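Biologist: Before we discuss labels, please put the model on the screen. I would like to hear the reasoning behind each one.

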Amino acid sequence: MVPASRLTDAQLLELAADSFDVMNWARRNGLKRGEQINELVRTFEVRLGYRQPVLPATEVAS
């Protein structure tokens, strides 16, 4: 059985690097396991183009 769509090696590396960064950030900020997982899911969604990133308040156009 062949998967319908497979991530490229570059995408997998980007996701792995994002995971490392997000998990370190989440642990430093005291997020619990469920919150850490939610942050990873949001990060993956942004990286894969499923959602737009949330901009910091200082970067939001008025």
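Modeller: What follows is a set of questions and answers on this predicted model.

Biologist: How many helices and strands are there in the protein chain?

Modeller: The protein chain has two helices and zero strands. Helix α1 covers residues 9-28, and helix α2 covers residues 33-47.

Biologist: What share of the residues in the protein chain is buried?

Modeller: Of the 62 residues, 15% are buried. The accessible surface is about 5400 Å², and carbon and sulfur atoms account for 57% of that surface.

Biologist: Why does Gln36 count as buried?

Modeller: Buried means under 20% relative accessible area. Gln36 has 10% relative accessibility, so Gln36 counts as buried. Gln36 sits in helix α2. Not counting residues up to four places away in sequence, Gln36 touches Met23, Ala26, Arg27 and Leu31.

Biologist: Arg33 is in helix α2 as well. Why is Arg33 called exposed?

Modeller: The cut-off for exposed is over 50%. Arg33 has 65% relative accessibility and therefore counts as exposed. Its C-alpha is 9.7 Å from that of Met23, with the two residues ten apart in sequence.

Biologist: Turning to helix α1, what makes Asp18 buried?

Modeller: The limit is again under 20%. Asp18 counts as buried because its relative accessibility is 13%. Asp18 belongs to helix α1. Leaving aside neighbours within four places in sequence, Asp18 contacts Thr43 and Arg47. Asp18 and Leu40 are 22 residues apart in sequence, and their C-alpha atoms are 8.1 Å apart.

Biologist: Which residues of α1 and α2 meet?

Modeller: From α1 they are Glu14, Leu15, Asp18, Ser19, Val22, Met23, Trp25, Ala26 and Arg27. From α2 they are Gln36, Glu39, Leu40, Thr43, Phe44 and Arg47. By class, this contact of α1 with α2 holds seven nonpolar, three polar and five charged residues.

Biologist: What makes Trp25 nonpolar and Glu39 charged in that count?

Modeller: Trp is on the list of nonpolar residues and Glu is on the list of charged ones, so Trp25 and Glu39 are classed accordingly.

Biologist: At what angle do the axes of α1 and α2 cross, and within what distance do they come?

Modeller: The axes come within 10 Å and cross at roughly 145 degrees.

Biologist: Is the crossing of α1 and α2 left-handed or right-handed?

Modeller: The crossing is right-handed.

How values were computed
Residues are numbered from 1 along each chain as its sequence is written. This is a predicted model: local features need pLDDT of at least 70, side-chain atom pairs count only at pLDDT 80 or more; totals for chains, interfaces and linings use all residues. Side-chain values use heavy atoms; hydrogens and water are left out. Helices (H or I, at least four residues) and strands (E, at least two) are DSSP runs, numbered from the N terminus. Buried means under 20% relative accessible area, exposed over 50%, partly exposed in between (1.4 Å probe, protein chains only). Accessible areas come from the Shrake-Rupley method with a 1.4 Å probe; for residues, only the protein chains shown count as cover. Contact means heavy atoms within 4.5 Å. Axes are lines fitted to C-alpha atoms, for helices over the stretch in contact, and angles run from 0 to 180 degrees between N-to-C directions. A crossing is left-handed if the near helix is turned anticlockwise from the far one by less than a right angle, and right-handed if clockwise.
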